[in-house]
Amino acid sequence: MKLGFVGLGRMGLNMVTRLLGSGEHELVVYNRSTSAIDEAVKLGAVGSDSLADLVGKLESPKVVWLMIPSGAPVDGAIEELIPLLSEGDTIVDGGNSNYKETVARGAMLKEHSIDYLDVGTSGGIWGLKVGYCMMIGGEKETFERLEPALKTLAPPNGYSHMGASGAGHYVKMVHNGIEYGMLQAYAEGFALMEASEYGLDLKNIATLWNQGSVVRSWLLELTEDMFEKNPTLDGIKDYVADSGEGRWTILDSMDKDIPCPVITLSLLQRFESRLDSSFSAKVIAGLRDEFGGHGVKK
């Protein structure tokens, strides 16, 4: 395929690298910082200095793949692309957009006869080496036209059409919510063992558990690598960010009256990690002293 690629961050540039490395695709790239464009050009891509320049270097039917932050950046790029594209051209959103926004964008682009695919992309920085797991929403025919690129980006059986517009981003949202719970469970278990009286080798335990244990996983392999490089996690601040998908998953569970307590509590634990001090904990400590004379730590 020949396609345009917008957004050369960590994942975007790695995806471009994987596509070009196959020798099967031609890419025209655009990014706000020119250094990333220069790097992609060294790999064999054609650079561009604007979205208009990128679209002008593509052949119909044109495909423009966005790997940019969700929300306003996606809306801005689509707004700029609409007058540059024609009937039968395709915009792909491979970022972590809210699926409700994706549905609205898909309907709006349909009025302009422009096809739209949402591609929930998992794999992080390791996708370059092992491939990306991709969950795709949109028209089946549009998905099938894009399959040559999807096959290159994914490992065997690593991509699938989920359904109508928004379905890809919806499934990726739930995927990320599950990830929150898995990370929290591993974190709590290793914290408990780190505090034990046995002086446990956490890296060794992660290695052991990956040999046939029911909790073995790729995340546990990464845990093993992490403890091998930094056994006491020196230099890592106990601050956990979230990029939004966990919040969206919880809101969706509330809309559907489906209880998701593990995912919900995992997100709340991330919030707690960002507090320099907990006022609510002070309230509890103070009240315990008031009703029971339990004393407080100064």
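**Figure 1. Strands E1 and E2 pair in this predicted model.** Five bridges link strand E1 to strand E2 (residues 26–30). The two strands run parallel. Strand E1 covers residues 2–6. Four of its five residues are buried, so E1 is largely enclosed by the rest of the structure. At Val6 of E1, the bridge partner in E2 is Tyr30.

**Figure 2. Val6 sits buried in strand E1.** The relative accessible area of Val6 is 5%. Val6 therefore counts as buried, the cut-off being under 20%. Leaving aside residues up to four places away in sequence, Val6 touches Tyr30, Leu51, Leu54, Val64, Trp65, Leu66, Met67 and Ile68. Tyr30 in this list is also the bridge partner of Val6 in E2. Met67 is 61 residues from Val6 in sequence. In space, the C-alpha atoms of Val6 and Met67 are 6.0 Å apart.

**Figure 3. Eight strands make an open sheet.** The strand order is E3-E2-E1-E4-E5-E6-E7-E8. Pairing across the sheet is mixed. Strand E3 (46–47) and strand E8 (159–163) stand at the edges. Each has a single partner strand, so one side of each is left without a neighbour in the sheet.

**Figure 4. Strand E3 joins the sheet through E2.** Two bridges connect E2 to E3. These strands run parallel. Val28 has Val46 as its bridge partner in E3. On the E1 side, E2 is joined by five bridges, also in parallel.

**Figure 5. A nonpolar patch lies on the surface.** Ile125, Trp126, Val130 and Trp218 form the patch. Together they offer about 400 Å² of accessible area. One of the four, Trp218, lies in helix H11 (residues 218–229). The relative accessibility of Trp218 is 41%, so this residue counts as partly exposed. Val6 in strand E1, by contrast, is buried at 5%.

**Figure 6. Helix H14 has the span expected from its residue count.** H14 runs over residues 279–292, 14 residues in total. At 1.5 Å a residue, the helix should span 20 Å. Its end C-alpha atoms are 20 Å apart, which agrees. Just after H14 comes Gly293. Gly293 takes a positive phi of about 60°.

Note on methods. Residues are numbered from 1 along each chain as its sequence is written. This is a predicted model: local features need pLDDT of at least 70, side-chain atom pairs count only at pLDDT 80 or more; totals for chains, interfaces and linings use all residues. Side-chain values use heavy atoms; hydrogens and water are left out. Patches are made of residues with over 30% relative accessible area and no salt bridge: like charges are joined within 9 Å, nonpolar side chains (Val, Leu, Ile, Met, Phe, Trp, Tyr) within 5 Å. Accessible areas come from the Shrake-Rupley method with a 1.4 Å probe; for residues, only the protein chains shown count as cover. A salt bridge is a side-chain nitrogen of Lys or Arg within 4 Å of a carboxyl oxygen of Asp or Glu. Buried means under 20% relative accessible area, exposed over 50%, partly exposed in between (1.4 Å probe, protein chains only). The expected span of a helix is 1.5 Å times one less than its number of residues. Contact means heavy atoms within 4.5 Å. Two strands pair if DSSP finds at least two bridges between them.
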